[in-house]
Amino acid sequence: MTPSHGAPPQRVCPHCATIAYSAEPDCPFCGRSYRRRVLPGVAALLFVTAVVILGGVALMLVAAGEEFDRRTNRQIDQVQGQFGRDVDRLERRIQRELDQRLPAAPTP
């Protein structure tokens with residue numbers, strides 16, 4: 001059926017799915033607007049996108065921090081081990097030097 005000139009257009013309400021011949025901006029059955037609101041959907045999508053991106057960045061920063069801690073601890077362990085070996089070597093050298101300079105104590 002084709003509408004005649006001057007007759008109101010046929011509209012489908014996006015909320016209650018009712019077909020009505022109406023020139024009004026609101027549905028005569030549910031009272032809500034015929035216009036779809038896109039802004040809340042777009043805002044929700046942007047919010048979810050921002051949360052996902054920020055969450056991913058946070059995970060990357062946590063992973064980078066843990067890797068930094070692992071590498072730092074490994075280097076600290078290496079330096080401490082080397083320092084301990086150097087101290088042991090120095091103690092042995094001092095002990096040898098003292099043994100050479102001091103005569104052996106006679107036993108009574």
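Let's start with a small detail: a polar atom of the Ser-33 side chain sits 3.1 Å from the backbone nitrogen of Arg-35. Keep in mind that what you're looking at is a predicted model.

So where does Ser-33 belong? You'll find Ser-33 in the loop that links strand S2 (19-21) to helix H1 (39-101). Once you leave out residues up to four places away in sequence, Ser-33 touches Pro-14, His-15, Pro-25 and Asp-26. Ser-33 counts as buried because its relative accessible area is 15%, and the cut-off for buried is under 20%. Across the whole chain, 6% of the 108 residues are buried.

Now step back to the overall layout. Two strands and one helix make up the secondary structure of the chain, and starting from the N terminus the order is β-β-α.

What about the overall dimensions? Along its principal axes, the C-alpha trace covers about 135 × 25 × 20 Å. The radius of gyration of the chain is 42 Å, whereas a compact globule of 108 residues would come in near 13 Å. The contacts add to the picture: take those between residues at least 6 apart in sequence, and 0% of them join residues at least 24 apart.

Finally, the surface and the charges. The chain has an accessible surface of about 9,900 Å², and carbon and sulfur atoms account for 62% of that. As for charged side chains, there are 14 positive and 11 negative ones, with 10 Å between the centres of the two sets.

Methods:
Residues are numbered from 1 along each chain as its sequence is written. This is a predicted model: local features need pLDDT of at least 70, side-chain atom pairs count only at pLDDT 80 or more; totals for chains, interfaces and linings use all residues. Side-chain values use heavy atoms; hydrogens and water are left out. Helices (H or I, at least four residues) and strands (E, at least two) are DSSP runs, numbered from the N terminus. The radius of gyration is taken over C-alpha atoms; the globule rule is 2.2 Å times the number of residues to the power 0.38. Buried means under 20% relative accessible area, exposed over 50%, partly exposed in between (1.4 Å probe, protein chains only). Contact means heavy atoms within 4.5 Å. Accessible areas come from the Shrake-Rupley method with a 1.4 Å probe; for residues, only the protein chains shown count as cover. Lys and Arg count as positive and Asp and Glu as negative; His and the chain ends are not counted. The place of a charge is taken as NZ of Lys, CZ of Arg, CG of Asp or CD of Glu. A polar contact is a pair of N or O atoms within 3.5 Å; within protein, one must be able to donate a hydrogen and the other to accept it, and residues adjacent in sequence count only if both atoms are side-chain atoms.
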